[in-house]
Amino acid sequence: TAREIFGLAGVSRVDIGLGDGTTAAIAADRLADRLTTEPYVLASPADLAAGLRASTADFQATLAMLAAIVLFVGSFLIVNTLSMTVSERAREVGLLRAAGATRRQVVRFVLAGAAAIGIVGSAIGLAAGAALGLIMAGSIRALTGFAPEVEGLSAGSLVLAFSVGLGITVAAAIEPAIRAARISPVEALRARLDLPVVRRGRLGWLALVFLAVGVLALIVWPPAAGTVGADRALAVYGVLLVATLAAPFLLPPLGRILGAPLGVVLRLEERLARGSLARDRSRAALTLGSLIVGLAMIVALGWSAQASRERATAWLADVIPGDEVVTSIRPVAADEGVGKALAAVTGVTTVTPIATF
């Protein structure tokens with residue numbers, strides 16, 4: 001039916017198998033010398049696969065950028081949680097030191113707790129990710145009738161994902177563990193641990209962990225996507241990191257600006273709020289940073305969905321040249337005059353026959 005509609009005769013493609021001792025390059029050179037009457041196009045299965053990968057490279061790059069932001073959010077929450085946990089439990093650590101615990105034991109105590117959290121969290125994340133993948137594949141199967149193959153569930157990828165989750169958790173706990181080991185029993189029992197050195201160490205280690213996460217994101221960047229979108233992912237990642245690290249310096253002026261109108265109505269509450277910011281700027285900065293990355297996550301998700309819709313619309317515009325599609329339930333021959341009948345309809349400018357098979 002397709003040959004009749006397009007007026008084809010004979011064959012339009014020949015598959016060539018190579019014999020022993022012949023490489024693809026040698027065969028291509030020989031074919032170029034032999035086939036000189038028409039402009040033939042020689043392609044290998046790898047070229048066809050590369051073309052298919054290139055058609056989805058932008059979409060994969062978008063997903064990879066979203067994954068990088070998710071990795072940033074997860075890393076930030078882990079560092080924030082463990083850092084605040086050590087600060088809040090300064091008195092307990094001081095009691096352990098007073099009871100005879102060594103600094104090495106305190107470090108092992110904090111790292112062991114982080115490792116337990118990392119193991120449980122990574123296992124739950126793997127199970128949830130695999131379940132969501134199967135649910136998405138089932139939804140595609142129900143909508144289209146196709147059975148997509150679920151990729152990325154190999155043993156190597158599972159081990160890599162588990163190692164990333166556990167590694168980031170343990171790395172995030174190193175600085176809090178060292179800080180906990182340096183807590184003096186007398187200092188911890190006298191007041192809360194709130195020293196400028198501790199604040200600088202907390203934010204400095206935050207930058208180091210995020211730098212390691214950024215390098216890791218580049219290492220696991222999907223090969224099919226190439227470098228498409230990598231610069232945008234790094235730009236977004238850098239903006240989030242700079243905004244988080246700059247939060248402690250922006251808090252005092254922001255507190256005064258935002259507190260001015262509130263102080264007219266709620267003077268006592270406004271003073272308490274600004275006093276809390278001044279007492280523990282590092283903690284307030286981490287809390288504000290969590291809001292920043294959460295908002296960035298929402299924006300990135302919406303942007304990715306919008307970009308995917310635009311790419312799908314552009315693809316449809318390339319595949320279907322017209323504005324409306326008329327589908328027949330039976331094959332229509334080229335000499336039936338259907339195209340002329342449609343072109344005669346008022347308002348129709350062009351009619352393009354399309355055969356699907």
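In which helix is L158 found? Keep that question in mind while you look over the whole chain, and remember throughout that this is a predicted model.

**The whole chain**

Begin with the protein chain coloured by secondary structure, where you can follow 13 helices and 0 strands. Reading from the N terminus on, the elements run α-α-α-α-α-α-α-α-α-α-α-α-α. If you then colour by burial, buried residues make up 23% of the 357 residues in the chain. Among contacts with a separation of 6 or more, 81% are accounted for by residues 24 or more positions apart.

Next, colour the model by confidence: the chain averages a pLDDT of 76, and 79% of the residues score at least 70. Select residues 195–200, where pLDDT stays under 50 and for which the model has 6 contacts beyond four places in sequence.

**The pair α6 and α7**

Now select L158, which is found in helix α7, a helix that covers residues 155–181. With a relative accessibility of 33%, L158 counts as partly exposed, because this value lies between the 20% limit for buried and the 50% limit for exposed.

From L158, move on to S122, which is 36 residues away in sequence, while the two C-alpha atoms are 10.0 Å apart in space. S122 has its place in helix α6, which is made of residues 103–144. Is S122 buried or exposed? Its relative accessible area is 9%, and since buried means under 20%, S122 is buried. If you show the side chains around S122 and leave out residues up to four places away in sequence, you will find that S122 touches F162, G165 and L166.

Stay here and display α6 and α7 together. Two packed helices are described by the angle between their axes and the distance between the axes. For this pair, the axes come within 8 Å and cross at roughly 155 degrees. Angles over 145 degrees count as roughly antiparallel, and α6 and α7 are therefore roughly antiparallel to each other. The crossing of these two helices is right-handed. Sorted by class, the contact of α6 with α7 has 20 nonpolar, 4 polar and 1 charged residues.

**R97 in α5**

The next residue to select is R97, which is found in helix α5, residues 90–98. When its neighbours within four places in sequence are left aside, R97 is in contact with T102, R103, V106, A181, I183 and P185. Add V186 to the selection as well: R97 and V186 are 89 residues apart along the chain, and their C-alpha atoms are separated by 9.6 Å.

**V41 in a loop**

For the last stop, go to V41, whose place is in the loop between α2 (24–34) and α3 (45–55). Is V41 buried or exposed? The relative accessibility of V41 is 77%, and because values over 50% count as exposed, V41 is exposed. Finally, select R13 together with V41 and draw a line between their C-alpha atoms, which are 9.6 Å apart in space although the two residues are 28 residues apart in sequence.

Methods
Residues numbered from 1 in each chain as written. Predicted model: local features only at pLDDT ≥ 70, side-chain atom pairs only at ≥ 80, totals over all residues. Heavy atoms only, no water. Helix = DSSP H or I, 4+ residues; strand = E, 2+ residues; numbered from the N terminus. Buried < 20%, exposed > 50% of the residue type's maximum accessible area, 1.4 Å probe, protein only. Contact = heavy atoms within 4.5 Å. Axes fitted to C-alpha atoms, helices over the stretch in contact; angles between N-to-C directions. Parallel < 35°, antiparallel > 145°, perpendicular 65-115°, else oblique. Left-handed = near helix turned anticlockwise from the far one by under 90°. Nonpolar A, V, L, I, M, F, W, Y, C, P; charged D, E, K, R; others polar. pLDDT = per-residue confidence, 0-100.
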